[in-house]
Amino acid sequence: MRLNKTFLYGTATAATLALTLTACGGSGSGGSASGGTWDKNATVNIGSLYEPQNLDNTAGGGQGVTEALNGNVYEGLFKLTDDGKVEKLLAEDYKVGDDGLTYTFTLRDGVKFHSGKQLTSQDVKYSLERVIADDSQSARKSNLEVIKDIATPDARTVEVTLSKKSISFVYNLTYVWIVNSQAKDLKTAEDGTGPYTLDKWTRGSALSLDRFPGYWGDAASNKRVVFHYYKDATALNNALLTNAVDVVTSEQSPDALDQFKNNPAYKVTDGNSTTKLLLAFNNRAKPFTDVKVRQAVSAAIDDKKLLQSVWGEYGKLIGSMVPPSDPWYEDLTKVNAHDPDRARKLLAEAGYDKGFSFTLDTPNYDPHPTAATFIKSELAKVGVDVKINTITSDEWYTKVYKNRDFTATLQEHVNDRDLVWYGNPDFYWGYDDKQVTRWVQQAEEASTTDEQTELLKKVNRKTAEDAASDWLYLYPQIVVASSKLSGYPVNGLNSQFYAYDIEKKG
Amino acid sequence: MTRTDVLRPVRDEKAPPRGRQPRGSATLVTGCVLAGLIALLALVSLFWLPYPADDTSGGRLAGPGGGHLLGTDKLGRDLFTQVMTGSRIAVQAGLGSVLIAAAIGVTLGVLTAFAQGWLDDTLAAFLDILIAFPTLLLAMLIVAARSATLGSAVLAIGLAQSAVVARLVRVLVKRVLAQDYITAARTSGTSWPRTVAGHVLPNIWPTLVVNLALQFGLAVLAEAGLSYLGLGAPPPNASWGRMLQEAQATFTTAPAGALAPGILLVLLVIGVNLIADGLRDTLDPATRGRRA
Amino acid sequence: MARYLLRRLAFLLVSLGLASVVLFALLRMLPGDPANALTAVGASPEQIAAARQAIGSDRPLPEQFTHWLGQLANGDLGTSFVSSLPVGPEVTSRLNVTVPLTLAAFVLAVLIAVPAGFVAAHKRHTWYGALLNGVSQLGIAVPVFWLGMILIAVFALNAGWLPAGGFPPDGWSEPAEAIRALVLPVATIALVMSASLIRYVRSATLDVLGSDYLRTARALGASFGRAMWRHGLRNASVPVISILGIELASTLLGAVVVESVYALPGLGSLLATGIAQHDYPVVQGVLFVSTLAVLLIGFVADLAQRIIDPRLRGRLSGGAR
């Protein structure tokens with residue numbers, strides 16, 4: 001979920017909703033080193049809309065802290081590459097027991113924290129315990145609570161025992177930062193093992209990283225990285241146009257793109273996105289308890305026209321929660337496709353032949369007000385009256401997410417593999433289908449990825465047919481960079497932005 | 001120099017002291033024409049719009065022409081239609097805020113005007129602090145408490161302005177109270193409420209009306225600012241401030257959306273300010289008194 | 001004068017105390033939860049409770065208030081709920097942007113408005129007097145964010161002379177960059193501010209021009225310049241100073257719109273984010289410092305007026321009212 005775009009209410013209450021399974025194939029990678037000479041001591045200026053709340057990802061640091069620090073300052077036992085593969089990082093090797101419940105990790109030798117201390121199994125144990133601790137605010141906490149026991153037979157070995165099988169355990173470990181167990185303050189300072197150290201965080205403005213000379217692996221291709229934070233897309237574009245930044249992590253407005261596309265000084269890449277815009281019904285609230293009403297509303301809205309309005313020629317239509325880069329993707333755009341006549345018929349069948357009225361809780365930052373306006377106009381055509389109630393992201397959390405006090409709402413869901421939330425009847429949208437819940441649980445405890453994929457495909461089709469939500473469209477993931485840059489990530493998967501391979505020509 | 005000169009209201013601009021009657025009425029006429037045009041747009045929008053408010057049939061960001069006087073927005077909605085609706089919201093915001101400011105400001109101003117000594121000083125200073133209290137913070141508090149609507153924005157602006165009005169009224173009333181005839185009326189046994197109704201209000205209203213006209217312009221600007229920040233009327237109502245915010249990203253590619261609401265906003269505020277200036281020249285007793 | 005100063009200072013402290021109580025109470029009336037900013041999607045009730053406990057927002061209000069007062073007494077503005085950074089240095093770093101921004105805009109506005117307002121009044125029947133008046137009418141009517149958008153489009157995007165926004169991360173240790181970053185924001189505020197100041201200066205000048213003492217002085221043979229200097233300036237400056245004080249004070253936090261258009265890390269944007277996140281220590285810190293600044297500005301303005309116009313010395317505060 002991305003909740004931090006508006007400049008005023010940019011609470012960046014961020015959040016990454018990943019409840020997930022194994023690794024999957026994504027696609028392309030950033031411009032690879034395109035010959036020529038590049039400056040080993042360059043400073044790379046990155047423009048972003050997502051400033052961290054604090055520097056700790058177990059204390060509500062948010063999407064911004066993942067973007068700036070994940071892989072750059074902190075490393076996990078595994079890493080999720082930009083094209084979606086899980087690779088070993090601080091784990092040199094690992095073995096899974098026959099029961100699928102015991103994992104033995106061997107740590108890489110010679111890894112040092114920025115403070116100079118050697119990495120040991122104690123640090124790994126400490127780091128895992130932080131995530132599942134009572135006061136942990138990590139989005140990953142519930143996924144990792146399957147951990148029953150952590151043993152450290154020697155300085156380079158960690159043995160984790162799970163209470164039940166979890167096919168996405170290793171994938172989930174890509175989100176766990178290995179921190180120095182002796183570090184004091186991780187909210188305002190850092191002690192990781194990554195290729196950069198934190199130089200300075202000027203809140204409201206910028207966060208700078210310096211190359212760490214003692215890094216265990218290949219040194220970063222640039223000397224210094226500065227994340228510059230902006231509160232709206234226009235200011236961010238202006239910064240790129242005036243060369244104040246070299247690259248924008250995620251372009252949020254298509255209208256500025258022509259200026260970059262027709263200019264040889266810039267490169268525009270259209271990567272794989274996992275961000276979906278949802279019209280989320282409260283499945284517990286009338287009239288959306290009725291599947292026919294949900295289907296009718298979904299069929300009444302012309303998603304294609306909305307996508308074009310907001311994104312011009314970019315972005316994709318999806319008929320479900322699953323983007324093409326997830327392994328269990330299926331093209332379901334034909335399910336509940338745009339068909340106002342069918343919508344009217346369904347409404348009549350549901351007993352709403354005279355239509356009805358509902359309130360749409362709309363976050364007050366782009367693109368939600370635009371989408372809400374469009375939805376209101378579309379639904380008016382089938383006799384449904386929409387009252388738009390704009391709320392701040394903070395209110396959204398309290399009213400919609402925690403208190404479930406809503407009828408329908410709009411929200412962006414950022415992460416890959418987040419279909420599984422439909423298997424949780426306690427989630428804010430209140431979709432409760434016993435079969436779906438069982439399939440999701442079975443998929444997590446599956447022994448093979450094929451089995452997992454098969455089950456989740458069923459979940460996908462069932463939720464789409466039920467119109468559990470209306471998936472309006474899939475955002476494009478557009479990175480715009482100066483043509484002096486190469487080696488930057490283009491997919492920005494789950495908000496990560498690895499900076500260490502970026503090469504900048506002098 | 002008497003005490004009353006020292007107590008002159010600071011927010012009260014004086015017109016040329018010598019007879020410039022023709023210029024004053026020219027100002028008034030220009031102001032009425034400008035503000036009248038916008039008011040007319042607002043009025044017409046109640047009965048007729050070029051396109052229905054939720055008609056999205058125009059192309060994405062179409063330029064001016066082709067059935068759309070100013071072109072269309074991202075969703076294909078007619079910009080001129082939105083500008084017309086926006087003028088209605090602007091006029092509503094101005095009127096609403098000024099009504100609230102007048103109701104609270106005059107009451108508070110008259111009451112505080114009777115204070116003496118240290119209480120007087122303290123009240124005066126607190127009005128100053130209230131004036132410096134950021135409208136934005138007030139608006140955020142009100143919006144958080146009662147959701148983002150035009151009403152919330154108007155309430156915030158009206159409350160913020162009532163401190164300004166109260167300060168002015170307090171000064172004006174004090175000035176009247178210092179006059180000999182008030183003392184005379186009091187010694188002859190007239191009650192305070194009667195004094196206020198019979199002597200104070202008739203003496204202060206011209207200056208008050210002029211100031212309220214100026215506050216109208218400021219309220220229109222403030223509403224645009226709040227809508228720009230997402231704290232004004234919710235979509236699909238087209239407020240000028242939100243139109244400007246939405247058009248910001250396409251300023252260079254489709255400038256009509258960023259220019260039209262801005263220009264109308266400027267015209268309305270200038271119009272109202274000119275009316276205030278013109279009114280002052282014809283109404284303000286201080287000016288008249290000096291001329292005599 | 002010494003007695004006045006003491007009284008005025010006592011008044012300042014009492015106001016500050018009262019304002020703190022009011023602000024503290026008002027903030028707690030905001031619906032919402034500071035824990036929201038700290039918990040991720042998927043947070044359980046236990047996680048939310050843990051977040052509340054960690055920042056102390058679960059304790060009773062009076063306790064929170066006295067805790068805050070205790071910190072204040074030690075010169076400590078507390079620690080942000082959200083970032084865990086101390087609020088004091090944060091506010092200072094924002095002041096490093098906002099104070100130069102406000103002061104530069106203010107000085108520039110005064111430099112424009114005082115001569116322009118005087119000319120607009122003195123030469124009001126000439127074409128340039130009328131033009132000045134017209135320009136100030138226009139300036140008052142322009143929304144500040146719109147002016148900002150236009151200035152960015154013209155001077156940053158098209159001409160490429162100045163940055164479109166942002167502030168160097170190292171702040172004033174890169175003085176040239178810092179100054180360049182502030183040019184457009186300063187111009188934006190100064191233009192709008194001077195427009196309204198011109199009207200006040202013009203009005204005050206008109207009063208003086210029509211006054212009996214000026215005519216008397218001239219009748220007694222003083223030149224216009226001399227009469228203006230001896231009598232006019234002093235009388236005209238008293239109401240203008242009062243206005244200047246209010247303008248300066250409200251710009252301090254009112255710059256938030258300009259700060260957002262130009263992506264500047266100023267005090268106003270810190271306040272706005274703080275409110276949105278229910279980061280009470282930050283909001284209290286900002287409002288405490290800004291209230292103090294507003295009161296100090298009022299204090300200085302009163303003092304200046306008293307020095308200029310001895311007749312005001314009997315009164316506690318506020319000159320020209």
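Helices here are DSSP runs of H or I with at least four residues, and strands are runs of E with at least two, numbered from the N terminus. By that reckoning, chain C of this predicted model holds 12 helices and 0 strands. Read from the N terminus, its elements run α-α-α-α-α-α-α-α-α-α-α-α.

Let's stay with chain C for a moment. Its C-alpha trace spans about 85 × 60 × 35 Å along the principal axes. The chain has 321 residues, and 52% of them count as buried. Among contacts in chain C with a separation of 6 or more, 68% join residues 24 or more positions apart.

Chains A and B offer some backbone details worth a look in the viewer. Here are the backbone angles, with the loop in which each residue sits:

| Residue | Backbone feature | Loop between |
|---|---|---|
| Pro287(A) | cis peptide bond from Lys286(A), omega near 0° | strand S13 (276–281) and helix H7 (291–300) of chain A |
| Pro236(B) | cis peptide bond from Pro235(B), omega near 5° | helix H8 (192–228) and helix H9 (240–247) of chain B |
| Arg404(A) | positive phi, near 50° | helix H11 (393–402) and strand S16 (408–413) of chain A |
| Ala467(A) | positive phi, about 45° | helix H13 (449–465) and strand S17 (470–474) of chain A |

Arg404(A) has a positive phi without being a glycine, and the same can be said of Ala467(A). How do their surroundings look? Arg404(A) counts as partly exposed because it has 15 C-beta neighbours inside 10 Å. Ala467(A), with 26 other C-beta atoms within 10 Å, is buried, since the cut-off for that class is 20 or more.

Note on methods: Residues numbered from 1 in each chain as written. Chains lettered and ligands numbered in written order. Predicted model: local features only at pLDDT ≥ 70, side-chain atom pairs only at ≥ 80, totals over all residues. Buried ≥ 20, exposed ≤ 12 C-beta atoms within 10 Å, placed from the backbone. Contact = placed C-beta atoms within 7 Å.
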